[in-house]
Amino acid sequence: MSAEVPEAASAEEQKEMEDKVTSPEKAEEAKLKARYPHLGQKPGGSDFLRKRLQKGQKYFDSGDYNMAKAKMKNKQLPTAAPDKTEVTGDHIPTPQDLPQRKPSLVTSKLAG
Amino acid sequence: MAGAGGGGCPAGGNDLQWCFSQVKGAVDEDVAEADVISTVEFSHSGDLLATGDKGGRVVIFQREQENKSRPHSRGEYNVYSTFQSHEPEFDYLKSLEIEEKINKIRWLPRQSAARFLLSTNDKTIKLWKISERDKRAEGCNLQDEDGRLRDPSSVTALRVPILKPMDLMVEANPRRIFANAHTYHINSISVNSDHETYLSADDLRINLWHLEITDRSFNIVDIKPANMEELTEVITAAEFHPHQCNVLVYSSSKGTIRLCDMRSSALCDRHSKFFEEPEDPSSRSFFSEIISSVSDVKFSHSGRYMMTRDYLSVKVWDLNMESRPVETHQVHEYLRSKLCSLYENDCIFDKFECCWNGCDSAIMTGSYNNFFRMFDRTTWRDVTLEASRENSKPRASLKPRRVCAGGKRKKDEVSVDSLDFSKKILHTAWHPAENIIAVAATNNLYIFQDKAN
């Protein structure tokens, strides 16, 4: 009896090793699925591609912004605290919230 | 040494001794995002070398002429011109940030003293004219020497202006701006062999432009599905054939390449040829499609072949055979057992480029750890070299590098686990006629030459 168990175990181990040797890719896939069990069935599918197509999206809605400005009339729109980087809740994003993108005023260091 | 006897074609990648020539850029540990080089391209004669960066700037280097009094500087590339090509924009209507990063630069063939190049960011292509001025006019009638205009009625006598030499000034002027034609992000531009038109490709569409006309472009490929939920693949790269002005190819995120003939129909949605390597279904994994995505496609100079780069390999295809590539070269197969972590840190989505040498006998592409790889197609030998400041003495030979995939690491080998994945060589270029290569390592540009040069 005790002689059979180690044999079965080593046969399984051998198959696992074979799988790893013949397909390191499949071993990596198993690792990934173990870490993220809810990972979608279609990895290269629409979700991934659509995310790629939406690169650069920042949340500023000129309609919301102007409506909020109109409502507040003379009052100032609440601006995010300086340390807040995310816009959440009732806070309407303002142009000031968007990260400042200035063109490079400095010459490239390749030309230095 | 292969090719040494014949005229014209320099030997391929491996009978050569590659040596350090120059390095450009700062030595800072902290690299500013803007300084990351995003494209490198030699001009058609190789005397100019252009780089673009994430800060939207273009720097052009010019090769020094042979000069007897300074023999060591022969063949050195020095700064010729630098300008801000693109600036960051914000599209308030779509809530989209438009990066100023230069995705591609392509030179136009030379037709006059001035030089022309196309540079593009995600949305806008610009045609730049780079011209030299080494004379200025003195003794103008309507202008003072300092440029102030004179009142014409005060001019009583006419004189002929004299041209006097001045210090060379290189000016870059935007001559055309091709805007508002791309909803998605431009990944490629390619000048046609007719020297009149060029294509620009984004994730879902390819447009054809005339270099003189900015308010109109023709859509020649459109793979956008009616329902975006059905989207399964995007265009990753596109290029015109080097000699046949009616032929173009585009690659996809699914690892396929389509060749289109503009003579067959106005809209090239139906390909003329479809190149795909058959896959063994039993070896399919979660990563298969992602690593098969083609990040670059380049025709050979001869026009007979094309080369594609996917995550782990470079493939050479014969245009006459669609069923499979004629050559497959492994770039860094040892990464196959690291795909899980490369997916987690997003490196699996890195887009490496590839290039041919002037006579198509060798190909080059980048890897991680500032390594780059060269494959000689005639001898079937390959070599791994490193772009590093540690090996930057003038004319110092580059030592081949080796990566140890597992097991006992030999002396001088680098183990896979100690590779620096933040040091990626995505952009490389090979001089069109000589054995001179330009390698972009993040914010530094390395130039290497064959010792025989």
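Modeller: The expected span of a helix is 1.5 Å times one less than its number of residues, and the structure discussed here is a predicted model.

Biologist: How far apart are the end C-alpha atoms of helix α2 of chain A, and what span should its 12 residues have?

Modeller: Helix α2(A) covers residues 24–35, and at 1.5 Å a residue its 12 residues should span 16 Å. The computed separation agrees with that expectation, because the end C-alpha atoms of α2(A) are 17 Å apart.

Biologist: Which elements of chain B do the buried residues of α2(A) pack against?

Modeller: The buried residues of α2(A) are Glu25(A), Glu28(A), Glu29(A) and Leu32(A). They cover an arc of only 105 degrees around the axis, which puts them on the same side of α2(A). In chain B, the elements that these buried residues pack against are α1 (288–292) and α2 (339–344).

Biologist: Is Gln22(B) buried or exposed, and which backbone nitrogen lies 2.8 Å from a polar atom of its side chain?

Modeller: Gln22(B) sits in strand β1 of chain B, residues 18–24, and because its relative accessibility is 8%, under the 20% cut-off, it counts as buried. Beyond its neighbours within four places in sequence, its contacts include Glu76(B), Asn78(B) and Leu445(B). The backbone nitrogen at 2.8 Å from a polar atom of the Gln22(B) side chain is that of Tyr77(B).

Biologist: Which residue of β22(B) is the bridge partner of Tyr305(B)?

Modeller: Strand β21 of chain B, residues 305–309, has four of its five residues buried. Five bridges join β21(B) to the antiparallel strand β22(B), residues 313–318, and the two form a hairpin with three residues between them. Within β22(B), the bridge partner of Tyr305(B) is Asp318(B).

Notes. Residues numbered from 1 in each chain as written. Chains lettered and ligands numbered in written order. Predicted model: local features only at pLDDT ≥ 70, side-chain atom pairs only at ≥ 80, totals over all residues. Heavy atoms only, no water. Buried < 20%, exposed > 50% of the residue type's maximum accessible area, 1.4 Å probe, protein only. Arc of directions from axis to C-beta. Contact = heavy atoms within 4.5 Å. Polar contact = N/O pair within 3.5 Å; in protein donor to acceptor, adjacent residues only side chain to side chain. Pairing = 2+ DSSP bridges.
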